[in-house]
Every structure is written in C-alpha cells, then in structure tokens.
Amino acid sequence: MAKASNYISKQPDAFGHIVWSEEENKIWSELINRQLKCIEGKACNEYMTGLDKLQLPLDRIPQLEEVSKVLRATTGWECAAVPALISFDKFFELLANKQFPVATFIRSREEFDYLQEPDIFHEIFGHCAMLTHPDFAEFTHKYGQLGLAADKKDRVFLARLYWFTIEFGLMQTKDGLRIYGGGVLSSPGETQYVYSDTPKIKPLEVVDVLRTPYRIDIMQPQYFTINGIHDLFEISKMDLMALVEQAKALGLHAPLFEPKEKLAS
C-alpha cells in the first residue's frame, strides 16, 4: 500500500454525505447495470439475497449511510469512508471493529474495465451484499481481529486467506459453481474467466491457501472453493495463527504465474 494512488477520495460532509458529479453517477450506472447482467446464474444465492436487501440504486452512486443502514440491521457492520489507499494497520483495525473500508472515489472511463485499486463500485457492489450474511460477516470480523494482532510476516500469510476467500472465493453448490468473492463479482472479465477452462479450481484447505502466492494485476490462475457459506464461519473458529505456523514450516507453493520482473524485461 506504499505506492501513490492515481485517485483522490472525496471527503464526506458533516452529515456523511458525498457529492458526486453527473459523470461519476453515470459511470456507476453503467458499471452496475452491466455487472448485474454478467453475474446472472454465476453469483451465489447468499450474494443475490444480500443485493436484494441493499437495493442499490442503478442511476447513481449510493451514499454510504444507505448501505450502512442495511448492514447494521443485518450483521452489525457499517461502511467507513477511507482514502484511496490505507495502511494495513488501519485496514485490520476497521475490520476488527466491523467497519468495512470503502474508498470514496470511482474509476475513470480510462480504467472502466479494470483498475488495481479498489474503488467504491468494487467495495459496495463486490463486498457489501455478502456482509449482510452472518457467516461471511463473522469470518471478516475474525480476520480483522487476527490481522490487527499479527506481526508483518504473519500478515503476508493472512493476506492470502483474504485474497482467496473474500476477494476471489468460489463455492460449489447443488446448482454448480458459484461466486462469492468481491474481486470476481465486481469484474466482468474475471466473472467470465472463472467459467472458462483456463484457471485451476480446487477445494479450499486453509494451510494450502496460506501457502499459495498470488499477483493482484492478472487474472487468477487458481481459485479455491468452499461447499457453502457456513464453511467460512467454521474457518473463523479455527486456530488460524497455528495454521500460519504450519504454512511457514512447509513453505510456499511454486507460483502458477511469471514474476512481474521477468514479464517487464
């Protein structure tokens, strides 16, 4: 999180209200209408139920309080407006206090299809619907508490768990493969890519995930599946830091992607 952001988050006023331009609202509208079509038959039922509870506007960016009101009523969470980039300390502190960080900027048209930094569309459309579900909410809360107490070396391992669940998690259901990770649900390209024959998809085992490297700037070569959202609740009750120690002792798996330096040369 050290690199500079190309975006500047908007500051809420004293009442928590953010003024968005006509163009910014139009970008939201185009993004959400496109993605709602894209996730049909692909998003998990828990996500779709959460989306129904949120009732996100299709013609404008929602105010954070509109989303927080639903989250508070369902799981006790709320949104927290943050700058485009925040420290890991702040990130874990917010999650530990049941506050989901939402960067208050929206992507430009130049980065309409993909941007590395999470914007308000990614955070709200990708994640907040799942936060209405108690099992997902408890997993995220426990993750924040663990991360806040962990040292920097252990946080690197914990980051992989977040990446392959909350961001890029998949679920095997009676209706087939479904998505619950916000990094997939907010990306048209990644949503389609999951259902191609390209990526490797395997059942989630926590130590396996903790040992799996990833890159943030490519389509994921590998995803992990749970068998139901309650699996996340069960994981939240495990001694995850003991599993981190196991992963450290075993070492990392070989990455399924080229290193960035080699690609740039």
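Is K98 buried, exposed or partly exposed? I looked this one up before anything else. K98 comes out as partly exposed, at 27% relative accessibility. That value falls between the 20% and 50% cut-offs, so K98 gets the middle label. A reminder to myself: this is a predicted model.

**Backbone oddities**

I stayed with K98 for its backbone. Its phi is near 55 degrees, which is positive, and K98 is not a glycine. I found K98 in the loop between α4 and β2.

Q55 went on the same page. Q55 is no glycine either, yet it has a positive phi of about 50 degrees. I traced Q55 to the loop between α2 (45–54) and α3 (64–74). Q55 counts as exposed, with 56% relative accessibility.

**Aromatic pairs**

Next I went through the rings. I have 13 aromatic pairs down for the structure. One of them is W28 with F121, an edge-to-face pair with 5.4 Å from centre to centre and 80 degrees between the planes. W28 belongs to helix α1 (residues 22–38) and F121 to helix α5 (residues 120–128), so this pair ties together parts 93 residues apart in sequence. I checked burial for both partners. W28 is buried at 0% relative accessible area, and F121 is buried too, at 1% relative accessibility.

Then I turned to Y143 and Y162. Their ring centres are 5.1 Å apart and the planes meet at 40 degrees, so I logged the pair as tilted. Here the link runs from helix α6 (residues 134–149), which holds Y143, to helix α7 (residues 152–167), which holds Y162, with the two positions 19 residues apart in sequence. Y143 counts as buried at 3% relative accessibility. Y162 is buried as well, with a relative accessible area of 7%.

Which residues do ring pairs link into a cluster? I noted W163, F164, F168, Y214 and F224.

**Charges over rings**

I also looked for charged ends above ring faces. K42 has its charged end over the ring of Y195, 5.8 Å from the ring centre. R160 lies over the face of F157, and I have 4.8 Å to the ring centre for that one.

**Largest pocket**

On to the pockets. The largest has a volume of about 1400 Å³. I get 47 lining residues for it, and nearest its centre are Q116, P118, W163, E167 and I216. I was pleased to meet W163 again, since it is also a member of the ring cluster.

Which element gives the most to this lining? My note says α7, with 8 residues. Elements that each supply at least two lining residues include α4 (88–96), β2 (99–103), α5 and α9 (188–194). Recall that F121 of the edge-to-face pair lies in α5, and Y162 of the tilted pair in α7.

By class, I wrote down 26 nonpolar, 8 polar and 13 charged residues for the lining of the largest pocket.

**Second largest pocket**

How much space lies in the second largest pocket? I have about 180 Å³ for it. Its lining is made of 15 residues, and T212, Q222, H253, A254 and L256 are the ones nearest its centre. I sorted this lining into 8 nonpolar, 4 polar and 3 charged residues.

How values were computed. Residues numbered from 1 in each chain as written. Predicted model: local features only at pLDDT ≥ 70, side-chain atom pairs only at ≥ 80, totals over all residues. Heavy atoms only, no water. Phe/Tyr/Trp six-rings, centres within 6.5 Å; stacked < 30°, edge-to-face > 60°. Helix = DSSP H or I, 4+ residues; strand = E, 2+ residues; numbered from the N terminus. Buried < 20%, exposed > 50% of the residue type's maximum accessible area, 1.4 Å probe, protein only. Lys NZ or Arg CZ within 6 Å of the ring centre and 35° of its normal. 1 Å grid on protein atoms, 1.4 Å probe; cavity = no way out; pocket = protein on both sides within 12 Å on 5 of 7 lines; lining within 4 Å. Points joined across faces, edges and corners; volume = space filled by probe spheres on them. Nonpolar A, V, L, I, M, F, W, Y, C, P; charged D, E, K, R; others polar.
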